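Dear colleague,

Please find the structure below, handed over for your records. My notes on its pockets, cores, cavities and backbone follow.

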Amino acid sequence: MDKFVYLFDEGHGGMKDLLGGKGANLAEMTNIGLPVPFGFTITTQACNTYYESGKSIPDIVEKQTLEALNRLEEKMGKKLGDAQNPLLVSVRSGSVFSMPGMMDTILNLGMNDETVVGMANLTDNPRFAYDSYRRFIQMFSNVVLEIGSYYFEQFLEEMREQKGYTSDPEMTAEDWKEVIDGYKEIVKNHTKKEFPQNPFDQLFLAINAVFNSWNNQRAIVYRRLNKIPDHLGTAVNIQSMVFGNMGNDSGTGVAFTRNPSTGEKILYGEYLINAQGEDVVAGIRTPQPIETLKADLPGVFKQFAETCNLLENHYKEMQDIEFTVERGQLFILQTRNGKRTAQAAIRIAVEMVEEGLINRETALMRVDPDQLNQLLHRRIDDKHPRTLLAKGLPASPGAATGQVVFDADEAEALANEGKKVILVRPETTPDDIHGIVASQAIVTSRGGMTSHAAVVARGMGKACICGCESLIINLKAKHFTVGKTIVNYGDIITIDGSSGEIMLGEIPMIDPELSDEFQLLLAWADQERTIGVRANADNPEDALKAFEFGAGGIGLCRTEHMFMDAKRIPIVQKMILAEHYNERMEALKEILPMQQSDFEGIFEAMQGYPVTIRLLDPPLHEFLPDKEEILVEVTKLQITHPDSAELKEKEQLLKKVSHLVEFNPMLGHRGCRLGIIYPEIYEMQAKAIFYAVVALAKKGMEVQPEIMIPLVGHVNELKKMRQLVVDIADRVQEETGETFKYTIGTMIEIPRAALTADQIAKEADFFSFGTNDLTQTTFGFSRDDAEGKFLQAYIENKVLPENPFAVLDLDGVGKLVETGVKLGRETKPSLKAGICGEHGGEKSSIDFCYRVGLNYVSCSPYRVPIARLAAAQATIRHEQNIEEICITT
């Protein structure tokens with residue numbers, strides 16, 4: 001018989017796939033003797049069976065749940081629904097991967113009109129009993145009956161104002177009874193039924209709701225964002241309740257064994273006296289720093305600090321721990337690997353190596369390459385004056401500028417229009433996940449460092465400020481006030497998540513600097529990785545940045561980007577519009593020294609590392625003005641100045657543009673096709689490259705140019721263009737008296753090139769896979785049209801698992817890359833091969849590049865550190881046969 005339910009003492013930490021992360025950790029902590037309230041876990045397998053049974057709990061799951069409940073009642077000496085000695089439980093979700101705030105929790109289940117009286121008598125604390133009952137009604141109604149928390153919060157707020165209270169602890173037992181009556185009325189108005197009183201009905205309705213929460217909208221968005229598979233399901237944890245709201249010797253909190261923002265080795269967290277756990281994470285009350293627990297309950301603080309140390313040493317990871325103190329007794333409710341910023345992840349990984357807790361390979365696998373984006377972009381320039389508006393808690397570091405929005409839907413809509421927004425809310429809830437994803441940063445007026453907004457923002461690497469109580473937010477009027485200042489919807493603010501400061505207007509940013517720990521981690525990565533990392537750079541400034549970030553060369557220099565300079569465009573247009581060869585050559589002579597200067601700067605910046613230069617790739621019409629704009633100008637001149645020289649000039653330009661415009665330019669006259677029809681263009685570029693090589697040789701600097709012919713689909717195209725480059729090299733060497741080395745290769749970016757790579761390799765010294773265009777030509781997608789019109793819908797509807805322009809399509813495009821490498825090396829076993837599309841900076845694509853034997857990946861300069869780490873992880877993963885892409889931090 002299948003086992004669908006496990007008591008905590010029947011499981012262990014290695015059963016994460018079955019018990020979920022939370023259940024496995026509860027079992028593990030029970031086994032090592034920590035004070036964990038006892039309970040049981042209904043498995044992820046039961047969740048999948050629930051969905052297979054048409055969203056109903058199978059009889060066998062119900063039977064095993066009741067048997068486990070009976071064991072729990074025996075152990076606790078209490079019974080669910082007993083009016084004299086009631087057992088109360090929490091019902092929590094727990095997926096295989098941590099999804100904080102994404103699924104649902106119910107506390108105090110088992111309370112009804114009878115058991116609340118029993119609890120009041122047992123504890124001699126009626127206020128506590130009725131407070132617990134009203135919490136249960138609110139949570140159960142929200143999670144199970146799907147009534148918005150807003151209705152209950154609004155009622156409670158009105159009650160507090162009516163009584164003249166400023167906080168919940170001031171409410172008396174009689175006050176809570178009034179609240180309970182009001183809450184029941186809300187339930188009846190919304191459901192047309194009384195609030196359920198039978199605890200067994202409550203229990204199974206709650207289990208249903210937790211299973212259903214696996215597929216609520218926010219959980220789906222979170223899984224898609226974090227690439228968590230949909231088929232895993234969630235476990236359900238049923239745990240005996242302990243109470244932090246029993247008076248001033250009770251409390252609840254959340255703590256990290258290290259600072260999740262900075263990585264500092266210090267106990268970091270918050271707690272609330274006389275409160276339940278949801279009060280801390282939901283931002284309903286602003287909590288106190290964990291250090292103040294030392295003054296309030298010194299014995300408990302000492303025990304808690306020792307427990308934190310024990311858990312970190314046991315798991316050899318920074319832990320995120322939820323705890324409750326009931327009448328001076330400590331209980332641990334949960335532990336998991338803590339979410340952290342990139343800065344903290346790096347520091348923690350490095351310091352744990354130095355402490356002897358983990359080795360270097362483990363440290364490298366602990367940092368998610370995607371998180372490093374947080375550290376590789378700009379921060380606020382301290383030299384610029386700031387108009388400080390308010391200050392809150394620095395919940396997640398980083399800086400951002402954007403328009404103020406107050407609603408998650410608005411944030412998403414404006415972001416889709418290309419606008420940068422900052423989401424400002426009293427507090428966020430899991431239902432705001434799509435708005436958080438869309439925003440540059442988040443600001444809340446309530447909540448602390450472990451509130452929903454803070455935890456989610458840190459995980460996403462977004463700047464966040466919480467608990468900014470000086471912000472008076474009016475959601476209806478769409479503005480917030482600080483003192484006499486009003487900030488309206490759409491106004492620009494800048495926030496600094498590292499300092500907690502909110503400023504009016506836009507403030508300039510400056511480039512990042514890599515910390516010593518970051519540099520050390522990357523040095524370890526370089527020692528481990530066996531695949532090279534280069535950068536895509538088109539000018540000396542980008543090349544220098546790439547070199548600073550540790551690039552081992554330039555994998556793609558797009559020469560057409562050098563033509564786009566405003567001062568050069570007129571000369572380039574003169575070359576394109578030339579009526580005959582001599583006129584075109586005159587323009588090319590003007591362009592040559594400009595290109596030579598660019599190449600010299602790039603070679604110099606890379607200090608001897610190889611530089612792959614792609615000859616002109618796009619069609620010529622891209623350098624000319626827009627056809628429709630010229631047509632408008634011609635029409636105006638025909639009306640206003642019909643005999644003018646300007647009109648004749650514009651008409652000639654329109655004629656040339658019309659001649660060059662193509663129906664499908666991506667598949668048209670570009671790349672090597674351009675070089676074959678207009679060889680003088682490629683000859684000029686080759687000269688500029690070789691003259692630059694000679695100029696640097698005279699400075700004593702050795703240069704390694706790799707000349708890449710684009711869009712080759714047939715070996716004869718490469719053969720012809722190779723001979724052109726060789727002839728120019730010979731002429732320059734003869735002209736200058738200098739000898740130099742160079743290589744000639746091609747970009748594999750259309751399927752035929754990959755399928756005939758054995759033939760093409762005869763004329764190539766190297767291959768570089770241009771996976772941006774290879775993805776377009778393999779799928780038959782125009783990237784701009786696909787991403788703008790249907791690609792997002794494809795991903796949401798699971799037609800495609802990922803955007804193939806962001807994550808390499810292994811089954812299609814990947815097969816072509818693998819085929820191209822294999823065929824090419826059948827002809828030339830030592831053929832160098834790399835990748836230079838955007839996939840060169842994406843971790844799973846880099847893992848693929850390692851597996852198929854590419855020599856290097858190339859990506860944008862700011863993604864070089866990401867690629868260095870991902871390349872090291874690929875090496876470690878396959879040498880040690882580790883399945884996971886990366887340990888989630």
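The second largest pocket is lined by 22 residues, and Met-76, Lys-78, Met-241, Phe-243 and Glu-326 lie nearest its centre. Two elements, α3 (59-76) and α4 (115-123), give two or more residues to this lining, with α4 giving the most, three residues. The space in the second largest pocket comes to about 380 Å³. By class, its lining has 15 nonpolar, three polar and four charged residues.

The model is a predicted one, in which local features need pLDDT of at least 70 and side-chain atom pairs count only at pLDDT 80 or more, while totals for chains, interfaces and linings use all residues. Residues are numbered from 1 along each chain as its sequence is written, and side-chain values use heavy atoms, with hydrogens and water left out.

The terms are used as follows. Pockets and cavities were found on a 1 Å grid over the protein atoms alone: a cavity is a set of points where a 1.4 Å probe fits but cannot get out, a pocket is an open set with protein on both sides within 12 Å along at least five of seven lines, and lining residues have an atom within 4 Å of a point. Grid points are joined across faces, edges and corners, and a volume is the space filled by probe spheres set on the points. Ala, Val, Leu, Ile, Met, Phe, Trp, Tyr, Cys and Pro count as nonpolar, Asp, Glu, Lys and Arg as charged, and the others, Gly among them, as polar. Helices (H or I, at least four residues) and strands (E, at least two) are DSSP runs, numbered from the N terminus.

Four cavities of 30 Å³ or more are present in the structure. The largest cavity holds about 100 Å³ of space, and of the 14 residues that line it, Arg-92, Met-241, Val-242, Thr-324 and Leu-333 are the closest to its centre. Strands β3 (89-95) and β5 (234-240) each supply at least two residues of that lining, which divides into five nonpolar, eight polar and one charged residues.

The second largest cavity, of about 40 Å³, is lined by Met-575, Ile-576, Arg-584, Leu-620, Lys-656, Leu-660 and Tyr-678. Helices α21 and α24 each supply at least two of these lining residues.

Helix α21 (residues 569-576) is largely enclosed by the rest of the structure, because six of its eight residues are buried (under 20% relative accessible area, against over 50% for exposed and in between for partly exposed; 1.4 Å probe, protein chains only). The buried residues are Ile-569, Ile-571, Val-572, Gln-573, Met-575 and Ile-576. Their cover includes α20 (560-563), α22 (581-606), α24 (645-660) and α26 (679-697).

The largest nonpolar core (buried Ala, Val, Leu, Ile, Met, Phe, Trp, Tyr and Cys residues joined through side-chain atoms within 4.5 Å) has 155 residues, with the most contacts inside it made by Phe-603, Phe-690 and Phe-767. Its largest share, 12 residues, comes from α26. A second, separate core of 83 residues includes Leu-80, Leu-109, Tyr-130 and Ile-321.

Two residues other than glycine with positive phi may be of interest to you. Asn-274, with phi near 55°, is found in the loop between β7 (268-273) and α10 (277-281) and is buried, at 12% relative accessible area. Lys-316, also with phi near 55°, is found in the loop between α12 (298-315) and β9 (319-326) and counts as partly exposed, at 38% relative accessibility.

With kind regards

Note on methods
Contact means heavy atoms within 4.5 Å.
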